[in-house]
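Please look through the sequence and the model below before reading on. The paragraphs that follow begin with a single residue and go on to the core and the ligand.

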Amino acid sequence: MLDFFTIFSKGGLVLWCFQGVRGPAATAPVNALIRSVLLQERGGNNSFTHEALTLKYKLDNQFELVFVVGFQKILTLTYVDKLIDDVHKEFRDKYRNEFQQKGALGLLNGTFDFKDDFMRLLRDAEESSKVRAPMVMKTFEQSLKSQKTVKCMIETRGEKPKEKVKNKKNKGSKKDGTEAVTAPSKASAGDKQLSAAGDKEELTKDEILQKNREEFFRRHMKAGEKSRSPKPDAQKEKGKKPRVWDLGNSNAKVLDYSNSATNGSAEACPVEEFDPDMALGDKNREPGRLYDLEYESDDEAEEEKVVQNPSKPSVKKGGLGGMFGMLKGLVGSKSLTRGDMDPVLEKMKDHLIAKNVAAEIAVQLCESVAKKLEGKVMGTFTTVTSTVKQALQEALVQILQPQRRVDVLRDVMDAQRHRRPYVITFCGVNGVGKSTNLAKISFWLIENGFSVLIAACDTFRAGAVEQLRTHTRRLNALHPPESHGGRTMVQLYEKGYGKDAAGIAMEAISYARNQGFDVVLVDTAGRMQDNAPLMTALAKLIAVNAPDLVLFVGEALVGNEAVDQLVKFNKALADHSMAQTPRLIDGIVLTKFDTIDDKVGAAISMTYITSKPIVFVGTGQTYCDLRSLNAKAVVAALMKA
Ligand code: GDP
């Protein structure tokens, strides 16, 4: 019934393999398991599906071994878990000495004659699943109900609590005591929460965003640049006046189209009103360079000290020291058990959720870390907390580092060589920043010497075309043809409203090819992920025009909602596509990163769920507020208490 069972070292050495009679070779499915699960830190559950096969696996972290069994996914083999456990135990015990004494060399030179043992274990496991006695229903006399008398079913006011207390006392009278003591403190915590919520309510949403933004820029200011940060007192004085985004030397007026008076028309927004300095943001940056996200993590250093010097107790409260402080304790050279890790993992899970990581994903991540560490021997001077934290940190960085790197500039150059424009389609729900970030990306491409045609395929939302027209005009003002040898660096291709978006995109691409534009950026109408007709239209636009890159634009601000959008967009593109192999989302633009302070969990959730890279990060409203993702910086922000 089994297709294969294989045992290999984490270094990639196959130690032993059982091949079923008709089963497919283990190589391809096992390689897929290694690529998609083991290397991608997605080992939360023990099962993986590859084409028609189900693979179940178990890690031995002490000897760095992996046990994998493969069988047809239509089969329900109840004995597989037992088999894999039994094989693991027997194999490890049989060759323990070899592993311990010879280490990696033992694996290289070892001969593992395990066939007879395996066949015996397989037979036992199969038998055990057969011999399980059929379930017999309890007789009435055996059931609890039969012990109930009519009297005990009558509830009198005084009696019920007494009974409950009795039951509890049976379980452990200590518990009652602690409950009685902790009850008031719980209430006070609740009060505190309420008052905190009350405080928060006093701030408007805008004010909270502004606060987060201030915090974001404060972190991003390097020592030398700190002098440019505004004084908070000056901010306060402004009260309810229209906000000026002076933190990034930007001005919301420049890019805010919510006001109908400035809705893009030439008269309403004359070119002379546009201040290039404000639209540009940071003047000291290197033109055309896509900077990495920066994030200072002050607690990181503190935690490192604790690990290096465990004899000195950490005096500083708060930070990760505070969060995990109570769980710290030297374990010495012993192998980690689930019991050791559980309290730490529980704290970490809550911490991740508090940072906006989707709850389900936080659970899976912690589970994956536990599986990776269980049985691993820790160094003498490491704590459970530091070991688990380090493993989690590595897992998070791994998740954020994409399997496939998207290098837009290289791909544009490649398309240039083939004398065709490179096409990027932007999709997402309304208001997430599609047009704004499309304009930022245009600016970055122009600074790198590429000409851009913007295809206005949002033929739905009033003002969408005008918004792009204004961006085009401003980008042209910043990069006039005179400074590019008479070449128009950015142009808008638009056909007004109510037309077929897929058709406009197609015309735009052929126009770009004829006119020699390097890149076509296709703006699409915002749509809710559940709107089937609009999702079909998007799938059609993508299928017909086959863009080089389909970017999903999602706000970092909304956290879990962005994950739902992303999953449903991907699914809808698959469902509504007529093609056999539907074109899905290739990458993510994570916007409004400046408004979330250190609640960066959406970045993890989005990449974890889709395995797609975050190609650009929007960090503000000026043309320069575009960054590439720096996995380590995001993880540092995520781990920060
Ligand atoms: P669309 O409907 O998806 O095209 O969204 P828009 O491009 O019109 O953007 C909606 C709002 O979000 C505008 O006010 C933008 O200025 C703002 N916005 C876009 N990206 C960012 C960003 O990275 N940070 C901040 N703070 N605001 C942004």
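**From one valine to the core and the ligand**

In this predicted model, a useful place to begin is valine 408, which, when its neighbours within four places in sequence are left aside, is in contact with Tyr422, Ile424, Trp444, Leu445, Leu549, Val615 and Phe616. Val408 belongs to the largest nonpolar core, a set of 113 residues, and together with Leu445 it touches the most other members of that core. Helix α15, which covers residues 384–400, supplies nine residues, the largest share of this core. Because both domain 2 (336–400) and domain 3 (408–636) give residues to the core, it lies between these two domains. Another core lies apart from this one, and its 26 residues include Val80, Phe99, Phe114 and Leu121. In soluble globular proteins, nonpolar side chains tend to be buried together.

The ligand is the next place to look. It is surrounded by 20 residues, of which Gly431, Lys434, Ser435, Thr436 and Gln621 are the closest. Helix α17, running over residues 434–447, contributes five residues to the shell around the ligand, which is the most that any element gives.

Individual atom pairs fill in this picture. An oxygen atom of the ligand lies 2.8 Å from a backbone N or O atom of lysine 434, and an oxygen atom of the ligand is also found 3.3 Å from a backbone N or O atom of glycine 618. With asparagine 437 the side chain takes part, since one of its N or O atoms is 3.2 Å from a nitrogen atom of the ligand. Taken alone, the ligand exposes 580 Å², and the protein buries 88% of that area.

Conventions: Residues numbered from 1 in each chain as written. Predicted model: local features only at pLDDT ≥ 70, side-chain atom pairs only at ≥ 80, totals over all residues. Heavy atoms only, no water. Core = buried A, V, L, I, M, F, W, Y, C linked by side-chain atoms within 4.5 Å. Buried < 20%, exposed > 50% of the residue type's maximum accessible area, 1.4 Å probe, protein only. Helix = DSSP H or I, 4+ residues; strand = E, 2+ residues; numbered from the N terminus. Domains from an automatic or database assignment. Contact = heavy atoms within 4.5 Å. Near = heavy atom within 4 Å. Polar contact = N/O pair within 3.5 Å; in protein donor to acceptor, adjacent residues only side chain to side chain. Areas by Shrake-Rupley, 256 points an atom, 1.4 Å probe, with all protein chains shown as cover.
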